[in-house]
Each structure stands twice: as C-alpha cells, then as structure tokens.
Amino acid sequence: MKTHTQVAVIGGGVVGCSVLYHLARLGWSDVVLLERSELTSGSTWHAAGGFHTLNGDTNMAALQGYTIRLYQELEQITGMSCGLHHVGGVTMADSPERWDMLKAERAKHRYMGLETHLLGPEEIRELAPLTNVDGILGGLYDPLDGHLDPAGTTHAYARAARMKGAEIYLHTMVQETNPHPEGWEIVTDKGTLIAEHVVNAGGLWAREVGAMAGVYLPLHPMAHQYLVTDDIPEIYQRDTEYPHVMDPGGESYLRQEGRGLCIGFYEQPCEPWAVDGTPWNFGHELLPDNLDKVEASVEFAYRRYPVLERAGVKTVIHGPFTFAPDGNPLVGPVPGCATTGRPAA
Ligand SMILES: Cc1cc2nc3c(=O)[nH]c(=O)nc-3n(C[C@H](O)[C@H](O)[C@H](O)COP(=O)(O)OP(=O)(O)OC[C@H]3O[C@@H](n4cnc5c(N)ncnc54)[C@H](O)[C@@H]3O)c2cc1C
C-alpha cells in the first residue's frame, strides 16, 4: 500500500466508487479507495437499483439527471454492463397538493432541460395497465426513469477510475483518521497512509467513520424492504418492459423484475436499524423478513395494483441503508473541519 495520496476515499459502495471515478476524471490521478471487504459490501449489493430524476431539491434533481445520463457513457468507457433498463416511469398524485407539486416539478424540469411531462389518469392506465387509477388526479412521466444493476455499476465505476490511475485497496479497514500536518493520517489494518483529503463514503458506517475524526454526522440507517413476485402473465406476455410506477400516496414504487413485479415500500411505521452503531461484522447479510410492518402498505398496493393479490411472493429483500433528516445524501465539507485535517480558518 502506498504511504501518501492526494485523496483517500473510505468505502467501496456505489458512492465511493463514483467519487473515485469523478476525482480521477477531473485530473486527480493520485487517489485511492479503501474498502474493508469487497466492493458493494454495504447497502449497495441489495439495492433495488431504481433511478429517478424527481427530487424536491433542484440541485439533487440535476445531479440525478446527470448520473442517469452518465451510465451509458460508463458502459462505453469500460465495456462493462451496468444492467441498464431505461423503461421510463410515472409518479402519481392522489391529492390536489401532490398534483400541484408534480406540476411545479414539471416547470422546474423544463428549466433544467429534463423532458418530463404530465399525464392524466387515462394516460397512466394506458402506460401502466395494471394500475387502478381511481382517485388518481394525474402523474409526472419521466422517460429517463429506470433501474440498473447496482453491483455491476459499482464495478464499472471502479474500472473507469482504475483506467485513469486511481488505486483501490480491498480488505483494508480504516480504523483511525487523525489530523496530520499534511492532511490526515489514515490508520488501516494494512498500514498507515497520509492523505491530503479524505472522503467519507462509508454508507452504512458513515456515522462511525465520521466519529473517527470526532465528527457527528446526522445520519441513521433505516430498514427498507421490497418484494419480488412470482411470474405474472400480464407482465411476461407484454412486448415491452413494464414502466416504473411510483405511488407516494401508497408509499410504494413498482417495476418489472424478470417475469414478475418488484414493489418496495417506504412505510410510515419505519424502522430505525442499529441505533447504537452499525456492527463492523455486518454487510453480507439481509435482515429477517418483516411483512407485518408493511401490512397496511401491502393492502393499499392490492387496491392500487389488484394483480398483486393473485401473485405469490418469490423473494423478500430487507436491508438497511443510511438516511439524513431530509432524505437526501449528506454531501460536502464538514463545517469546522477543513478538508486537510487542519482546523478550518
Ligand atoms: C432494500 C434496499 C433497496 C434499495 N433500493 C434502492 C433503489 O431502488 N434505488 C436507489 O437509488 N437506492 C436504493 N437503495 C439505497 C442504496 O442501496 C444506497 O443508497 C446505496 O447503496 C448507498 O451506497 P454507499 O456507497 O453510500 O454505501 P454502502 O453501500 O453502504 O457502502 C459503504 C462501503 O463502505 C465500506 N466501509 C465502511 N466503513 C469502512 C471503513 N472503516 N474502512 C473501509 N471500508 C469501509 C463498507 O464495507 C461498504 O462497502 C436501497 C437500499 C436497500 C436497503
């Protein structure tokens, strides 16, 4: 392992590998990524892989739009597949307030160069015929919506970064980050490294990585669950892949998975996970199924998508991922803690 670097990125999930690639692409060739296990050993390996441009925060919406367009370029650069499914998607409104919000988003998207458009209930039914549109006022359609293979995408970012000179050290656990005259001293179980800058991409362990520098980050992992159904004739007999359907009123997102459907829930009785800290030996396992906590959301989904009531559940994926209070990523320099490890001026 080298002993000095311009930037050390801690964490080899999709975010750390993307940061590493972007640094290398911007000309920072002396950059390393430190991963305690294999790439994707946190939340990334079990993500449903859905992507959307809709975000109440304009900068986040722009960033999501940029990233979605980047995946094809990433495939071309690396020759690796990101498992892209650009199927398009509609976010539905079942109240005047949600409908106003979608209209406002549409106006914002037009300014940002995103080609979304508004649909009426009948158009939603034509697009996604398994939807019961009773009570739906309309929806916002985005042709960019879709899903990908999170592990494949992470490895593609890693290859693209390596192609530009970045280095990745697997099975290298960061144990301490100490201020140092040249930046930060990064103590790992494989040796010590001086980094001028440190990026915390610790995902599920971002709280713990922040605490190594004496920093409290307002982050918390929550348990999230999605279900994959058995084969559904109305799905596998189609000529085209089924679009994504987001139903904020039902706290759900729905898309095709193989010959069936995948539906995930952001249920109200949400479940904080690992309140006292994410165990370091976690990462390659899922949480036990918990269908009780999504019971109300599932019942709602049966009314919205009646076909689900007939479809058996093939797989349940229940895993944790980290949230900031506003639901958006926590990004940027830590106030009061200069990027070089010296106190901020
Ligand atoms: C069930 C489920 C479904 C999801 N579906 C979607 C979806 O459809 N769309 C979507 O956009 N998102 C989805 N997500 C969220 C998504 O998984 C996460 O937002 C994303 O994976 C976070 O990536 P990350 O790189 O920040 O963190 P992680 O994937 O948690 O990666 C962090 C990495 O850092 C490493 N690390 C941590 N500490 C150290 C240390 N001290 N030293 C070295 N390495 C360290 C870990 O080993 C790990 O590999 C879903 C999540 C779950 C749980």
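This report describes the overall build of one protein chain, then its nonpolar cores, and then a few single residues.

**The chain as a whole**

The structure is a predicted model, and every value given here was computed from it. The chain is made up of nine helices and 17 strands. With 345 residues, a compact globule would be expected to have a radius of gyration near 20 Å, and the chain has 21 Å, which agrees with that expectation. Along the principal axes, the C-alpha atoms fill a box of roughly 65 × 40 × 40 Å.

Of the 345 residues, 49% count as buried. The accessible surface of the chain comes to about 16,000 Å², and carbon and sulfur atoms account for 54% of that surface. Among the contacts between residues at least 6 apart in sequence, 74% join residues that are at least 24 apart. As for charge, the chain carries 24 positive and 43 negative side chains, and the centres of these two sets lie 5 Å apart.

**The nonpolar cores**

The largest nonpolar core has 27 residues, and the members that touch the most other members are Val-9, Leu-20, Leu-33 and Tyr-157. Several elements each supply at least two residues of this core, namely strand E1 (4–10), helix H1 (14–25), strand E2 (31–34), helix H2 (58–78) and helix H5 (150–163). Val-9 can serve as an example of how such a residue is surrounded: leaving aside residues up to four places away in sequence, Val-9 touches Gly-16, Val-19, Leu-20, Leu-23, Val-32, Leu-33, Leu-34, Val-199 and Ala-201. A second core, separate from this one, has 26 residues, including Leu-130, Leu-254, Val-307 and Val-316.

**A buried glutamine**

Gln-225 is placed in strand E12, which covers residues 220–229. Its relative accessible area is 0%, and since buried means under 20%, Gln-225 counts as buried. When residues up to four places away in sequence are left out, Gln-225 touches Gly-264, Phe-265, Asp-289, Asn-290, Leu-291, Lys-293, Val-294, Val-316, Ile-317 and His-318. One of these, Val-316, is also named among the residues of the second core. Asn-281, in turn, is 56 residues away from Gln-225 in sequence and 21 Å away in space, taken from C-alpha to C-alpha.

**Two residues with positive phi**

Most residues other than glycine have a negative phi. His-171 has a positive value instead, with phi near 50 degrees. His-171 is found in the loop between strand E8 (167–169) and strand E9 (174–180), and with 38% relative accessibility it counts as partly exposed. Ala-274 also has a positive phi, near 50 degrees, and lies in the loop between strand E16 (271–272) and H8. Is Ala-274 buried or exposed? Its relative accessibility is 18%, and because the limit for buried is under 20%, Ala-274 counts as buried.

**Two further residues and their distances**

Glu-295 belongs to helix H8, which covers residues 295–304, and is partly exposed, with a relative accessible area of 46%. Pro-179 is found in strand E9 and is exposed, with a relative accessible area of 59%. The table sets out the separation of three pairs of residues, both along the sequence and in space from C-alpha to C-alpha.

| Pair | Apart in sequence | Apart in space |
|---|---|---|
| Gln-225 and Asn-281 | 56 residues | 21 Å |
| Glu-295 and Ile-77 | 218 residues | 44 Å |
| Pro-179 and Asp-231 | 52 residues | 55 Å |

Terms used. Residues numbered from 1 in each chain as written. Predicted model: local features only at pLDDT ≥ 70, side-chain atom pairs only at ≥ 80, totals over all residues. Heavy atoms only, no water. Core = buried A, V, L, I, M, F, W, Y, C linked by side-chain atoms within 4.5 Å. Buried < 20%, exposed > 50% of the residue type's maximum accessible area, 1.4 Å probe, protein only. Helix = DSSP H or I, 4+ residues; strand = E, 2+ residues; numbered from the N terminus. Contact = heavy atoms within 4.5 Å. Rg over C-alpha atoms; globule rule 2.2 N^0.38 Å. Areas by Shrake-Rupley, 256 points an atom, 1.4 Å probe, with all protein chains shown as cover. Lys, Arg positive; Asp, Glu negative; His and termini not counted. Charge placed at Lys NZ, Arg CZ, Asp CG, Glu CD.
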